[in-house]
Every structure is written in C-alpha cells, then in structure tokens.
Amino acid sequence: MVLFLANVASLQQLQDPSLPSCKHTMAEPAGEEPVSKIQELCHECGQLHLLPDNHLYNFLEEVDDELVCHICLQPLLQPMDTPCGHTYCFKCLENFMQEYTFCPMDRKKLSFQHCRKSSLLVRNLLDKLIVLCPFQDECKQTMQRCELEAHLQNRCPGFKKYKAQLERKNNPHSRLKGDSLSRLETNTLKESEISNGVSSLVAGSSVAAVVSLETAEPGLVNPAFDGSEEDLPQRASLLAETNTIEIHREDPEEELGMRIVGGKDTPLGNIVVQEVLRDSVVAADGKIAPGDHILEVNGVNVSSVTHSQAIALLHQPCTVLHLIVLQEKGFSTRTGQPDSSPTINQEVIHVTLVKRDRSEPLGIKLIRKTDEPGIFILDLLDGGLAAKNGKLRQNDKVLTINGQDLRQGTPEAAAQIIQSSETRVNFVVLRQSGMQLSYSVEDGSTSNNSSSSSSSSNGGSPVHHRRRPEQHHYQRKSSYQKAVPQGYLSQEKVVNIKKEPKESLGITIGGGRDSKNKLPIYVTSVQPVGCLFRDGRIKKGDVLLSINSIDLTHLSYSEAVSALKSNAALHIVVLKALEIVVPEKTSESAEAPDSRERGFNWAPLWVTWLGLPSHLHCCQDIALHKTNSESWGFSIVGGFEENKGNQPFFIKTIVPGTPAFWDKRLKCGDEIVAVNGVSAVGMSNAQLIPMLKELRNKVTLTVVSWPGSHV
C-alpha cells in the first residue's frame, strides 16, 4: 500500500501530536472514538488534509513516476501541461504561479494562462489508478480513484458511521434529514460548512437558505450535483434563497393557476411547484417559478403536511395569499455568484472537429431564428463526430466556421463551408448559459444540416422544424413495471346496466392519450340524471377501461367520447372501470379541494396517479446532453430502502442554467422508470448513483409524467 502526502504543510499537520496520525486518521472514524474528538475529514477522499491541498489517497501499488507531480510528489490531480513539456497538478501549479513566474523543473519563464489540461488519455490513466478505501477497519474495498468519492458518499459503512458521529457532534439537539430544506443564517455558517461548498446568497430582505446536496441519507440522491475534476473553474455550491411572496387577487376564490406535487406522504417530502399556468394569477405576478419549494402558506408551515392538506391550505379563500418559498438560483462559481444569469454569462468557445475524410458527417443540425440574426445549433446527432467530441452544445450561436464570419449567415452557407473543408473544421461559437433554448424558427430557413456534408439527397436544402420535436410516448414495458406503491389499492369493477336506449349514461370524462400527459380516460363527474348515478357504482375519478368489450385505455379523448356515445344507445351496457384507493393518510382532507371543482374542470390529485397500475402508464424517453464539466441539473428521491421497501425514483429538483433546465421536458414530480434502457425499478440510490455518474455526455431517461394537482 502506498500513501502519498500532499506537501510539507499537510505532512506537518498530520504529524502534529494533537492530531491523529495518518494511519489513525483512516481508521478512527470507523471506530468508537468519542464524538468530541472527531476530526473533520475531506468528503471526497475521506482523509485529513488542509483545504488548499490536494486530496490524499492510499494507492494499492506503486505509481509510475511519469504520473507523479513534481511539486507535491503524489499522483497527478487535474493534470496541467506546461509549454515546456512538464505536468503538474492544477492546484499545485496554480499555487506555485502565485509566487513565481517560472517552471519548477527547468525554471523557464512560464505563465499559468499558457498551460493546458493534459490529454484525455493521461487523465483516464490517472482516474483508473486503484486505491484502497481509507476506512479499512470497516471497509476493505478497492476501486478506481475516480470512484472513491461516490463510494464514500453512498456505499462505505465506515464513512457513513463517521458522518453520523460528526452530525451528533455538530447538532447534538437536532436531527437533520437528507431531504429536508434547512434555512441557514449567513452569520452562523461555520468554517467547515463554507469549506464544503455551502454558500449563501443574501438579496434584499430575503433570508438565505441552502439545500443539502451531498448527503448519503437513504431516499435522497443527487447525481446531478456531483462535481467533476475537469470543471475549471469549479462550481462551489448550489445557491438557494427563501422569499416571501404576496399574491393579490380581487376574487378571493379565484384559482392561483399552478400545479403542485409532493407532500410528506410521498417520496418528494416537500411541496414543489411543478408548473405555472399561462394567464393565471401566479403567472401575472411573475415571482413563482416551476421548481420552487413552498414552505409556508399564510403563516402555516407546509414542510411536513400531506399533499391533500397542502392543497386545502392553498385553496382557502383570501384576497392576499402570503407564501414563503425556497427558490434555487443555480450553481455558484468561486466568486460566490450564481452562474445562471440570463444575459451576463457569455463565453466564446473554440472547437475543432477532425474528420477522418472529407465526406465524414459532423452530425450537427443548424437553424435560423425569427428573433435573432445568425445560426444556432439545434441538435447534435447521436453517434456523430460533434456529439462524441462533447464541446459543442444545443443553442450555441455559430460566429465563424474555418474563419468565415457567419454572424449574419444562414444554415445553407454553413453547410457549404463544412462540405468544402478538408479534415479540420474550426468552430467559434457564442454560449449564453442563461438563455432559454428557443426553437422558434423562420419558415424555410432551417437547414437539416449540415454538418453532414449533406447526407440528404437535396444537398442541404431547407427543411422545416417544429419548435420542439414531437415526443414519442409508449406503453410502459413489462420489464419496467412495478408493484402498486404501499398503501395504494386499485380495484377493478364491472358494471352491468340495463337501460332505455335513449337514456343517458350521465357522466363526463377527461384525459385521453392525446392529452399533454397521455392520461387514461377518467370520470370527471356523475350527473344525477343518468343511469350510472342511479346505479351508484361508477364514481368521480374512476378510470374507464372498456365499454361493451371496446378497449378505452389507448383512445384519445374524442375517440373515447364517440365510443361511449355509440354504446350508450344500446339496451345493455357493460362498463369496466378501475377505482384507485389512495392511502388513508393521503386521503385526509382530500374532499375539501375537490369540492370546488366541477365537471370538465375537475381532475384527480397528483397523488392519485401514483396508484395507477404500471400497464396503464405512458412513458417517454428524454435524452440530455452535457459536457464533462457540467452537471445534469436534476436531483432525485426515492429508491429501495429497507424500512420502506421499493419506492419509485422521482425528480425533486431541476437546477437553473443546467442541461435538464434548458431541455424543458423534465418536470418536478416525474417518475424515473429507466436510465439508458436499464430499469430503475427495485434499485437503491447506491445502485443508481454510479450509473448516472459514469454517463459523461449523454443520458436517456425513461420517465412517466403525471400532472400536478391544480390550485
């Protein structure tokens, strides 16, 4: 076993008699050391070192000298190459260059700005070095160096035990859960909290608050927030703040116009805004956005209420509604400022794509917008040269290709430049990290690019694109199916009705596979004039499966209406329906919000859909793309837990300024069914985290999306 020490400062700290020895540091967190003596370890490497220093690792074997930094004398971390041919750790070289202006090896004049990241091959060799878990008393596992942090955070029993001891030391009188939202006053932040990337943002009278993102508590997984060693400059933390919002309305009973998900009776825990409806009171106010966590309603804390109780509170008539919400602002940079501002964060990026031959396609689709001159990247084709390179992104504005100015150009002109190039195609693009993706394009101006050297027979002639490609939905596969969640019950019933031919069934319906969320047909009301009201077995909220053996589960709304009308004229009607019985705690106060909605305006609560059997679900595949230095931009909750059994994974948070945010298809409350075709049913968070972390540039999420409850 080989232990490399970061530098002299770290060595002095580790050899200080008042501190544990290096061997002691690795073993003690797993032992029965008194809580008061616990030293705070690095959450990435699990060892004790000064914050400015590199991480420490216990390597299984000797490391080749060519892979060792000659400043800290340990295997390279974030390796940087100098123009004179030497390689150092990023931190080591950055710290050295603050005092000196020459290379440490040959003393040639050197500027840090002229240094570049080492090749991908070198970085991969370093990441694959085998290390030992530092908690050898509790965990004997070995793994690649790049896997150690995920191991510590999600699988290591020694580190989990250490964190529990540290939490008892720091919070002797309180119990914090991983998925809770805690408001932290800026002036009470400890140095250890700041060092671990917890930052706060104070704006006006807002109270700063921070979301706990890196906990290993069961039920909360945040693969999207995992940092990357290649992220230069690194993002420090996710910023969030609580704000008090007043919603004014002339009619005290007017609907707010938003959809919500979550509640203490669901894996989400908190009440989260899923959607803000157009032309609504909330939309006109403009202060609430999808993804906001509602903490208080008119002075009542809703962080620990059920879904139905929260809706009842939001439905209370009032002319002024007082809300306290937690709003995420995106990731901060080292300066502590959010990096998702809509107009300031512009970056000019140079990308070179190398074709194997002149005819090889690049795999880029370009568009021209109606509201801005120039051309933009619409999509990167899977498996194409640009997608494999990973540096170009959707919505990048193309400034030049091979030195030719395209700021006022067209997709056709770009295609011609690409087709005439030899092997190297040099792009200069402008990236605005805070700008929404917009695919509103000018008629006849979109080129089916053209990077493909014109794979189409029309030689790159204009083709029309919609604002967003139509999403393909399909029935949930048998391999993706799950049991109905604990506490839910779905009861199938067959109703035989003898009626007069002209007598109406007396029901109204909603849903349909052509609806936004591809819902099954459900009953929105049972009118007192029809035969079904007299029979009494069909109820509001029942899912209609068939009528006279005609399957209704795959029909659109209009097709279902036609089927019901045509069969209602018969003397005998056989109706098969499904009643979803929600858990007792979930159904508390459920009638209060429902009583305000009538007929076509009524819809089942979000929690009701969670009990729908899997074979009635409609899935869609959502592909996200990112660069190595980005986060996916979503957090998830749920998964298998010993005390709760199998729970679905749900999207809890979507972070502003990230790939998931710009894509616009993922919503809070969506259920993750599979990742890259691998079913997530029955997985624990410890199984799903590594899968998501290994996916560097693209991930395909299979999701089921239910509409949030309308308030």
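The questions below go through a predicted model, from the whole chain down to single residues.

Residues are numbered from 1 along each chain as its sequence is written. Local features need pLDDT of at least 70, side-chain atom pairs count only at pLDDT 80 or more, and totals for chains, interfaces and linings use all residues, while side-chain values use heavy atoms, with hydrogens and water left out.

Q: How many helices and strands does the protein have?
A: Helices (H or I, at least four residues) and strands (E, at least two) are DSSP runs, numbered from the N terminus. Counted in this way, the protein has 18 helices and 36 strands.

Q: What percentage of the residues in the protein is buried?
A: Buried means under 20% relative accessible area, exposed over 50%, and partly exposed in between, with a 1.4 Å probe and protein chains only. Of the 711 residues in the protein, the buried ones make up 53%.

Q: What share of the contacts with a separation of 6 or more joins residues 24 or more positions apart?
A: Contact means heavy atoms within 4.5 Å. Among contacts with a separation of 6 or more, residues 24 or more positions apart account for 68%.

Q: Which helix gives the largest share of the largest nonpolar core?
A: A nonpolar core is a set of buried Ala, Val, Leu, Ile, Met, Phe, Trp, Tyr and Cys residues joined through side-chain atoms within 4.5 Å. The largest one has 52 residues, and Met258, Ile294, Leu314 and Leu323 have the most contacts inside it. Its largest share is four residues, from residues 307-314, helix α9.

Q: How many residues are in the other core, which lies apart from the largest one?
A: This other core includes Met80, Leu129, Phe135 and Leu166. Its residue count is 38.

Q: Which residue with a number above 700 is in contact with leucine 314?
A: Neighbours within four places in sequence are left aside here. The contacts of leucine 314 include Arg249, Leu256, Met258, Ile260, Ile294 and Val297. Also in contact with leucine 314 are Leu321, Leu323 and Val711.

Q: Against which helix do the buried residues of α6 pack?
A: The expected span of a helix is 1.5 Å times one less than its number of residues; for the 14 residues of α6 (157-170) this gives 20 Å, which agrees with the 20 Å between its end C-alpha atoms. In α6, Gly158, Phe159, Tyr162, Gln165 and Leu166 are buried. They cover an arc (of the directions from the helix axis to the C-beta atoms) of only 120°, which puts them on the same side of α6. The buried residues of α6 pack against α5 (148-154).

Q: Why do the buried residues of α13 lie on the same side of the helix?
A: In α13 (557-568), the buried residues are Ala560, Ala563, Leu564, Asn567 and Ala568. An α-helix has 3.6 residues a turn, so residues three or four places apart point the same way. The buried residues of α13 are on the same side because they cover an arc around the axis of only 125°.

Q: Which strands do the buried residues of α13 pack against?
A: The end C-alpha atoms of α13 are 16 Å apart, which agrees with the expected 16 Å for 12 residues. Its buried residues pack against β25 (507-512), β26 (519-526), β27, β28 and β29.

Q: Which residue of β29 stands opposite isoleucine 547?
A: Two strands pair if DSSP finds at least two bridges between them. In β27 (543-547), five of its five residues are buried. β27 pairs with β29 (572-581) in the antiparallel sense over four bridges. Opposite isoleucine 547 in β29 stands leucine 575.

Q: Which residue in the hairpin of β27 and β28 takes a positive phi?
A: β27 and β28 (550-551) pair in the antiparallel sense over two bridges, and isoleucine 547 has isoleucine 550 as its bridge partner in β28. The hairpin has two residues between the strands, and a positive phi near 50° is taken by asparagine 548.

Q: Which strands stand at the edges of the open sheet β4-β3-β5?
A: This open sheet of three strands has antiparallel pairing. Two of its strands each have a single partner strand, so one side of each is left without a neighbour in the sheet: β4 (87-89) and β5 (116-117).

Q: Is cysteine 146 buried, partly exposed or exposed?
A: Cysteine 146 lies in the loop between β7 (142-144) and α5. Its relative accessibility is 41%, so cysteine 146 counts as partly exposed.
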